[in-house]
Amino acid sequence: MKKFFSVADVDNLKEIVSEALSLKAAPHGNSELGKHRMLGLVFLNPSLRTRLSTQKAAINLGMDVMVMNMDKDGWALETRDGVVMNGTTVEHIREAAAVMGEYCDILGLRSFPTLKDKEADYSEDLFNKFIKFCGVPVISLESATRHPLQSLTDLITITEHKQKDKPKVVLAWAPHVKALPQAVPNSFSEWMCRAQEEGLVDFTIAQPAGYELSEEFSKGAHITTNLDEALADADFVYVKNWSSFKEYGEVYPVAENWLLDNEKLKLTNDAKVMHCLPVRRDLELSSEILDGPNSLVIKEASNRVWAAQVVLKRMLEELKG
Ligand code: CP
């Protein structure tokens, strides 16, 4: 595996989930594989889970890790070509990525979208340039349009907790006070649509009108604007807010109640409830669910280690040749 950016970088979903669960059962079984290998984690935005779980995964494999908080400690990056850098940017991504590639065997990058310019964000220009110029395998720690380590984690978590071969999985939009990226729901949808194709889940997206995700990510999903209808017989409900894709980055007022609580949960098949975290309690998801028996959010966050570890393991094996 040379890059881990989307579901397209994985040949077989069942196999990667099974390998991740084997690592969970024996975390230190490959502790020689990463010896004398350096992982660099580059953050242009905040993180708790991605930062810590990826470091833990690397340490389990015997790797050393360096973390660069580029947004706070790095030089202001220029990504455009052909510009005279006489403004606020100090270092071009061509040099910055190439230098980090000299220090590291594998790099991870987190870079959120602007939510102002749809074309620029969805072109993944920064991420693609980082991959091009660093010259080593790259893991997405969340890009403008996707969060693949989170989505692999989510598939691992669903596989662990499912009670039937093909559970009904619902991605449910939730309220928020801020405009949030579409990366997590895009990615979850992309992975669930592929899992549906492979017969692993039955996938539905519920969102208010105006909050439809790009078809690039949702093609194949059952899509509804009626939350109650989507929740009927659901085995897993994945709660997440996102801003509008169509009116890019906009947040519309929504009249109906989209906050998942125990009353709404009664419509489901005693569904397990998931969220990538961080979550705003009683705005995005009710406390009674987060603190109740149906919540998987902590187990889900815990599984971030195995998603990162299986991806790093595959990259290290390829480097070993
Ligand atoms: N879910 C997730 O990626 O969490 P962080 O933003 O804290 O890394």
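Which residues of the largest nonpolar core touch the most other members?

## Nonpolar cores

In this predicted model, the largest nonpolar core has 77 residues, of which Phe-4, Ile-139, Leu-152, Phe-203, Leu-260, Val-311 and Leu-312 touch the most other members. Helix α14 (residues 304-320) is the element that gives the most to this core, contributing nine residues. Because residues come from both domain 1 (3-146 + 304-320) and domain 2 (150-301), the core lies between the two domains.

Leaving aside residues up to four places away in sequence, Phe-203 touches Val-169, Leu-171, Phe-188, Ser-189, Met-192, Cys-193, Gln-196, Ala-221 and His-222. Another core, of 16 residues, lies apart from the largest one and includes Leu-107, Leu-109, Phe-133 and Cys-134.

## Salt bridge between helices α14 and α1

The whole structure contains 19 salt bridges. In one of them, the side chains of Arg-314 and Glu-19 meet at 2.8 Å, N to O. Arg-314 belongs to helix α14 and Glu-19 to helix α1 (residues 13-25), so this pair ties together parts 295 residues apart in sequence. Arg-314 is buried, at 18% relative accessibility, and Glu-19 is buried at 19%. A network of salt bridges links Glu-19, Lys-313, Arg-314 and Glu-317.

## Salt bridges of the β7–α7 loop

Glu-142 forms a salt bridge with Arg-110 (3.4 Å, N to O). Glu-142 lies in the loop between β7 (138-140) and α7 (148-161), whereas Arg-110 lies in strand β6 (residues 106-110), 32 residues apart. Glu-142 is buried at 8% relative accessibility, and Arg-110 is buried at 6%.

Arg-146 pairs with Glu-190 in a salt bridge (3.1 Å, N to O). Arg-146 is in the loop between β7 and α7 and Glu-190 in helix α8 (residues 183-197), so the pair ties together parts 44 residues apart in sequence. Glu-190 is buried at 11% relative accessibility, and Arg-146 is buried at 9%.

How values were computed:
Residues are numbered from 1 along each chain as its sequence is written. This is a predicted model: local features need pLDDT of at least 70, side-chain atom pairs count only at pLDDT 80 or more; totals for chains, interfaces and linings use all residues. Side-chain values use heavy atoms; hydrogens and water are left out. A nonpolar core is a set of buried Ala, Val, Leu, Ile, Met, Phe, Trp, Tyr and Cys residues joined through side-chain atoms within 4.5 Å. Buried means under 20% relative accessible area, exposed over 50%, partly exposed in between (1.4 Å probe, protein chains only). Helices (H or I, at least four residues) and strands (E, at least two) are DSSP runs, numbered from the N terminus. Domain bounds come from an automatic or database domain assignment. Contact means heavy atoms within 4.5 Å. A salt bridge is a side-chain nitrogen of Lys or Arg within 4 Å of a carboxyl oxygen of Asp or Glu.
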